[in-house]
Amino acid sequence: MIKKYNVPGDFSSLTGYDSLEEYLKLKIDVHKDSDAYWAKVAERIDWFEKWTDVNKTNYHDAHIEWFTNGKLNASYNCIDRHIKNGLGEKTALIWQSNDVNVSKNVTYNELLVHVSQFANALKRSNIQKGDRVCIYMQMIPEAIVAMLACARIGAVHSVVFGAFSSDALKNRINDSECKLLITQDNGVRGTKHDIPMKENANNIADECPSLEKIVVVDRCGNDVAMQEGRDIYWHDFIKGCDTVCEPEVMDAEDPLFILYTSGSTGTPKGVLHTTGGYMVYTSHTHEIVFDHHKDHIYWCTADIGWITGHSYIVYGPLSNGVTQVIFEGVPNYPDFGRFWQIVEQHKVNIFYTAPTALRALMKEGDDFPNQYDLSSLRVLGTVGEPIKSPEWHWYFQTIGKEKCPIVDTWWQTETGGVLMSPIPGCVPTKPGSATLPLPGIEPALLDENGNKITEPNTTGFLVMTQSWPGQMRTVYGDHQRFKDTYFSQAPGNYFTGDGAFIDEDGYYWITGRVDDVLNVSGHRIGTAEVEGAIGAATGVAEAAVIGYTHDIKGEGIYAFVTLMTGVEPSDDIKTDILATVTKIIGPHAKPSVIQFCDGLPKTRSGKIMRRILKKIAQNETDDLGDISTLADPSVIDSLINK
Ligand code: WTA
């Protein structure tokens with residue numbers, strides 16, 4: 001029996017969500033008239049012109065549309081609005097560098113100057129509304145300035161996670177035909193001071209026909225190769241540009257950004273989010289999920305290369321006028337106490353991180369957190385994967401001293417913002433459960449035939465029966481893929497790709513992906529992508545990749561590899577496979593285990609039976625299930641006897 005934790009006695013909600021009865025009643029009211037609810041929520045942001053219709057979504061046509069004809073600007077909502085409200089001198093960003101002794105504060109006034117000047121520089125370089133701009137950076141303030149500057153002029157940013165390889169960067173730039181790339185000389189993380197950002201860009205720039213310019217932040221003062229006429233340093237790029245830039249009037253449904261994410265098949269998808277609904281949704285959820293109050297210091301440890309960074313570092317928090325820490329470094333540098341040292345130094349009230357980071361830190365013992373004063377903490381959040389009991393309890397007791405509610409937030413790149421989470425002031429928690437959907441979110445569980453599951457504790461496919469404002473609008477350049485991926489399995493519903501069950505209290509428990517997507521340290525990686533990359537290594541004939549339970553990463557990558565005839569397995573081939581995956585995708589996609597084998601278990605139609613490989617990888621070979629559809633059952637023995 002899982003213990004239920006009530007809201008800690010010392011905690012009292014600042015945003016008014018303090019009674020479970022009222023919260024549940026609100027959810028019922030919203031269910032009856034969700035348009036009225038979202039219309040009210042939408043008033044929290046500033047519109048240049050009000051919308052005419054709240055929601056014109058039709059799931060049967062894969063058409064998502066919110067706040068029709070509304071006009072606004074995201075950067076205006078994240079900056080100007082607060083200045084108008086007298087908060088110009090408030091600190092927006094506390095940049096904590098990788099170096100313990102270096103941090104820098106940026107006020108809202110300063111942010112406006114930086115963003116406006118950079119926006120004018122983009123315009124001077126002929127970047128216009130609708131043009132795509134790629135941002136390939138680490139966690140430095142310029143990354144956020146660049147995103148907001150794009151939003152200010154209506155350019156669509158596509159942020160590529162800084163650990164992605166040259167090839168991955170190239171594919172993303174080319175898919176959305178970015179005209180300009182913003183990067184930095186080198187990245188700095190932990191003991192590494194020479195992460196080759198500009199070099200990676202140089203390697204592929206000639207293979208990106210749409211790319212006209214590369215803007216380079218001089219983060220390290222390192223000498224990097226710059227191509228005359230194409231490359232320019234950030235400080236030269238903005239030279240002479242005015243520090244005032246009127247925000248572009250954007251339609252609610254004008255694109256705000258593209259963010260690539262992995263699916264079960266094919267190349268990563270360009271998830272497209274638009275302006276109005278996304279701003280409303282991230283701003284609203286950031287407030288209610290974290291019980292965010294204007295005097296709080298907030299810190300989300302995500303990277304802006306992922307959706308968590310977009311929604312809960314940039315657009316949600318900044319539209320709420322937050323003061324937040326942004327961190328360039330890593331949790332284990334200079335030692336495993338770094339997170340807690342930063343919490344103490346900057347008096348962080350709201351802390352949002354990933355279970356994988358907690359597991360890595362928990363393993364190092366309590367001495368690290370116990371050295372620091374963590375009494376400023378108020379709400380603790382997690383995202384990316386289920387938070388299991390050991391790390392939940394460690395987070396609750398050792399970090400939060402049993403005073404801080406834990407919000408286990410379930411959501412996806414596609415959903416734009418959190419769909420399920422406890423509300424800190426009123427929803428009792430259960431370790432491992434994202435508890436309840438937020439108001440206006442209408443999930444259902446379906447069985448294999450598409451019928452709704454009503455029995456408790458029965459796992460099914462998690463779908464959403466209704467839209468919400470933050471939902472993605474399309475796959476960039478491929479609306480058919482959007483339809484096929486999300487609206488074909490259960491017509492009339494959004495198909496999340498996750499499995500879940502509901503317990504007798506109505507709490508949701510996410511059981512993980514039901515497709516071929518891996519979740520490694522909270523990073524989404526498609527099996528097909530990794531298999532393709534391994535297949536490009538010398539001597540490899542074929543690869544099949546599955547996820548297996550991993551202590552720290554949650555899921556580790558296990559690769560079964562067959563070699564070409566005449567090629568003998570060797571450590572050199574393993575090394576080459578790792579190098580090839582790093583080159584094609586990035587180091588985060590490297591398999592933890594590589595097993596060479598003579599053949600892969602396939603059906604007669606040639607489909608790899610991953611289910612069997614998973615059992616072999618997890619040493620559950622006593623019961624392999626039904627293997628009668630295998631083309632060659634003898635393959636199994638050779639796999640197990642390795
Ligand atoms: C998983 C990250 C359980 C899930 C915001 C989802 C979670 C995928 C949780 C999306 C959670 C995320 N509990 N599983 N609290 N949060 N997931 O697009 O499988 O990088 O579909 O978005 O992560 O990953 P993505």
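1. A polar contact is a pair of N or O atoms within 3.5 Å, and in this predicted model one such pair joins R524 to the ligand, where a polar side-chain atom of R524 lies 2.8 Å from an oxygen atom of the ligand. The ligand taken alone exposes 530 Å², and the protein buries 96% of that area.

2. Two further pairs involve nitrogen on the ligand: a nitrogen atom of the ligand is 2.7 Å from an N or O atom in the side chain of D408, while a polar backbone atom of E385 lies 3.5 Å from a ligand nitrogen.

3. Around the ligand there are 17 residues, of which D408, T409, T413, D498 and R524 come nearest. Sorted by class, this shell holds six nonpolar, six polar and five charged residues, and the elements that give two or more residues to the shell are α10, β20 (406-409) and β25 (508-513).

4. Helix α10, which spans residues 307-319, is mostly covered, with 13 of its 13 residues buried. Just after α10, G321 takes a positive phi of about 70 degrees.

5. The largest nonpolar core has 116 residues, and those with the most contacts inside it are F67, F118, L148, I182, Y315 and L318. Helix α5 (residues 141-153) gives the most to this core, contributing 10 residues. Apart from this core lies another, of 43 residues, which includes C134, F161, F164 and C208.

6. For a reader following F67 in the structure, and leaving aside residues up to four places away in sequence, the residues that F67 touches include W38, W47, W51, A252, V280 and P469.

Notes: Residues are numbered from 1 along each chain as its sequence is written. This is a predicted model: local features need pLDDT of at least 70, side-chain atom pairs count only at pLDDT 80 or more; totals for chains, interfaces and linings use all residues. Side-chain values use heavy atoms; hydrogens and water are left out. Buried means under 20% relative accessible area, exposed over 50%, partly exposed in between (1.4 Å probe, protein chains only). Helices (H or I, at least four residues) and strands (E, at least two) are DSSP runs, numbered from the N terminus. A residue is near a molecule or strand if one of its heavy atoms lies within 4 Å of it. A polar contact is a pair of N or O atoms within 3.5 Å; within protein, one must be able to donate a hydrogen and the other to accept it, and residues adjacent in sequence count only if both atoms are side-chain atoms. Accessible areas come from the Shrake-Rupley method with a 1.4 Å probe; for residues, only the protein chains shown count as cover. Ala, Val, Leu, Ile, Met, Phe, Trp, Tyr, Cys and Pro count as nonpolar, Asp, Glu, Lys and Arg as charged, and the others, Gly among them, as polar. A nonpolar core is a set of buried Ala, Val, Leu, Ile, Met, Phe, Trp, Tyr and Cys residues joined through side-chain atoms within 4.5 Å. Contact means heavy atoms within 4.5 Å.
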